[in-house]
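Me: Please take a close look at one part of this structure, starting from the cysteines and working outward through the helices. Connect the details as you go, and add the backbone exceptions at the end.

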Amino acid sequence: MSDQSTSAPAQRRTFLMVLPLIAFIGLAVLFWFRLGSGDPSRIPSALIGRPAPQTMLPPLEGLQDNGTQVPGLDPAAFKGKVSLVNVWASWCVPCHDEAPLLTELAKDKRFELVGINYKDAADNARRFLGRYGNPFGRVGVDANGRASIEWGVYGVPETFVVGREGTIVYKLVGPITPDNYRTVLLPQIEKALKAAGS
């Protein structure tokens, strides 16, 4: 009888000691599946459907196209056309990876490609564009990062589709890749172009 009475508290004590481990394993499994199921490039933006930030940015000094200075960012230029705004920097490794795709995108004249150069040295930014070619019709310099905060940028690179009315219609977090260009970004651009044409 005494064996049964002492074994019950021992079993209860063992169960209470194992309970936190069971809870931890359950939470770990839950987090694992939740983290693995999401697409990090689809982080929602509070700016979707709202006007693009009205911050003017100076041009990248010395960046020329056919002997004329490439203009900076003027939000008024978004009106009347679909724009693809890419936030980039020469020190950003994924920006180097997506640069050839941006050059290909620039061949499509149905929309304008706009660059926001984020916290970069002007010489490095010009070298970067000299190496890959300048796909941008406009390049605004965000030297202190304040404009990128207004755009809701988490980190470079990020790309925004801005509709003809000057509103942000889509945001891609991370580099443009052949896969997400084909399956995500191009359909969003086409959607914006159709909306602009109606």
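Reply: C92 and C95 are both buried. They belong to a predicted model, and a disulfide joins C92 to C95, with an S to S distance of 2.4 Å. This is the one disulfide that the structure holds. The link of C92 and C95 is right-handed, with 85° about the S-S bond.

The next element to look at is α3. Helix α3 spans residues 122-132, and its buried residues include A125, F128 and L129. These three cover an arc of only 90° around the axis, so they sit on the same side of α3. The face turned away from that buried side carries R127, G130 and R131, which are exposed. Among the elements that cover the buried residues of α3 are β3 (82-88), α2 (93-105) and β4 (111-118). After α3 comes G133, with a positive phi near 95°.

F128 leads from the helix to two further features. One is an aromatic cluster, formed by W88, F128, Y132 and F136. The other is a cavity: F128 is among the residues that lie nearest the centre of the largest cavity, together with A99, L102, P135 and F136. F136 therefore has a place in both lists, as F128 does: the aromatic cluster contains the two, and the residues nearest the cavity centre include them.

The structure holds one cavity of 30 Å³ or more. The space in the largest cavity comes to about 60 Å³, and 13 residues line it. The elements that give two or more residues to this lining are β3, α2 and α3. Of the elements, α2 gives the most, with five residues. Both β3 and α2 are also among the elements that cover the buried residues of α3.

Aromatic contacts go beyond the cluster. The count of aromatic pairs comes to six. One of the pairs is F78 with W151: the ring centres are 6.1 Å apart and the planes stand at 80°, so the pair is edge-to-face. The pair links distant parts of the chain, with the two positions 73 residues apart in numbering. F78 lies in the loop between β2 (68-69) and β3, and W151 in the loop between α4 (146-150) and β6 (158-162). Both residues are buried.

The loop that holds W151 also holds P157. The peptide bond from V156 to P157 is cis, with omega near -5°.

Two residues other than glycine have a backbone exception of another kind. N66 has a positive phi, near 55°, and lies in the loop between β1 (64-65) and β2. Its relative accessibility is 77%, so N66 counts as exposed. K119 is not a glycine either, and its phi is positive at about 45°. K119 is placed in the loop between β4 and α3. K119 counts as partly exposed because its relative accessibility is 43%, and the limit for exposed is over 50%.

Technical notes
Residues are numbered from 1 along each chain as its sequence is written. This is a predicted model: local features need pLDDT of at least 70, side-chain atom pairs count only at pLDDT 80 or more; totals for chains, interfaces and linings use all residues. Side-chain values use heavy atoms; hydrogens and water are left out. A disulfide is a pair of cysteine sulfur atoms within 2.5 Å. Buried means under 20% relative accessible area, exposed over 50%, partly exposed in between (1.4 Å probe, protein chains only). Helices (H or I, at least four residues) and strands (E, at least two) are DSSP runs, numbered from the N terminus. The arc is that of the directions from the helix axis to the C-beta atoms. Contact means heavy atoms within 4.5 Å. Rings of Phe, Tyr and Trp (its six-membered ring) pair if their centres lie within 6.5 Å; planes under 30 degrees apart count as stacked, over 60 as edge-to-face and the rest as tilted. On a 1 Å grid over the protein atoms alone, a cavity is a set of points where a 1.4 Å probe fits but cannot get out, and a pocket is an open set with protein on both sides within 12 Å along at least five of seven lines; lining residues have an atom within 4 Å of a point. Grid points are joined across faces, edges and corners, and a volume is the space filled by probe spheres set on the points.
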